[in-house]
Structures are given as structure tokens and as C-alpha cells.
Amino acid sequence: MTTSLNNNIRVDLGPRSYDIRIGANLIDQIAEMLKEIAPGARCAIVTDTNVNEIYGANLRAQLDAAKITNTTIEMAPGEASKCIEVYAHVVDQLLAQRLERTDVLIALGGGVVGDLAGFAAASMRRGMKFLQI
């Protein structure tokens, strides 16, 4: 890993390398980031009810203003949501929205949300792009 002054950390994994961006108010820059990593992509936001209440409207407003088609898939907070039934619900919603592997799944939240959304992104259509906030 290497760090730079612009608060980016590059995780060097050869062809699977990715960046981690660290900083204040990055959610306000999400549309520009998405246009950079996945031009023309649509996205699904996977979040829990607590995080959605605090950050969801702002994230959707950023995406809407940039004309990035988005949908939100909400789950109950906590470890009980890390189960096959919630995973199936997330995948069913991604399929219903006709999201493709060129689209982006955004995990808005921490542990359980990130784990579940990351697994869904990895297993959808042989892997979707994944962004965790």
C-alpha cells in the first residue's frame, strides 16, 4: 500500500488493485467518483434503516443531481440481517432493477451492510462494481 497527500490509499493487488479514499464530506463528492470509476453506470444503495435516515437523502440527492439512476435497498440494522433471507432480498431487488455487472452497488454503512452488500456485489452477474461508504 502507498499513501499520498490527497488522502488516497492504493491497495496494490495487481489487476485487482483499488483505492481507498479518506476525508471529510466525501459523500458530497460521490457523483464525481462514480462518473470516474463507472461512467454511465446506474447504482443500487444497500443500507440499513438507521444509516439511511442519517445519510440516505443526501446521497440520493447527490446522485439525482448528477442524473445517476439509483435505487435504495434497505434492511434492518444489526447482525440478524446478515442472513440468507436478507441476502436473497438484496439480490432479488438488484435483479428486479435489471442492474448489470457494469453498474455499481454502494454499501452505505458499516459491518453488516458492507459484508452483505459486498457478498451480493461479488455474486451478482459474476461480480458488480462495489463502493463502500
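In the predicted model, side chains along strand 2 alternate between two faces. Ile 9 and Val 11 point to one face and are buried. Asn 8 and Arg 10 point to the other face and are not buried. In a regular strand, side chains alternate between the two faces of the sheet.

Strand 2 spans residues 8-11 and pairs with strand 3. The pairing is antiparallel and runs over 4 bridges. Two residues of strand 2 illustrate the register. The buried Ile 9 has Ile 20 of strand 3 as its bridge partner. Asn 8, which is not buried, stands opposite Arg 21 in strand 3. The two strands form a hairpin with 6 residues between them. Within this hairpin, Gly 14 adopts a positive phi near 65°.

Strand 3 also contributes to the largest pocket. The volume of this pocket is about 760 Å³. Its lining comprises 19 residues. Those closest to the pocket centre are Tyr 18, Asp 19, Phe 130, Leu 131 and Gln 132. Three elements each supply at least two lining residues: strand 3 (18-21), helix 1 (30-37) and strand 7 (129-132). By residue class, the lining divides into 11 nonpolar, 6 charged and 2 polar residues.

Strand 3 thus appears in both settings: it pairs with strand 2, and it supplies at least two residues to the pocket lining.

Conventions. Residues numbered from 1 in each chain as written. Predicted model: local features only at pLDDT ≥ 70, side-chain atom pairs only at ≥ 80, totals over all residues. Heavy atoms only, no water. 1 Å grid on protein atoms, 1.4 Å probe; cavity = no way out; pocket = protein on both sides within 12 Å on 5 of 7 lines; lining within 4 Å. Points joined across faces, edges and corners; volume = space filled by probe spheres on them. Nonpolar A, V, L, I, M, F, W, Y, C, P; charged D, E, K, R; others polar. Pairing = 2+ DSSP bridges. Buried < 20%, exposed > 50% of the residue type's maximum accessible area, 1.4 Å probe, protein only.
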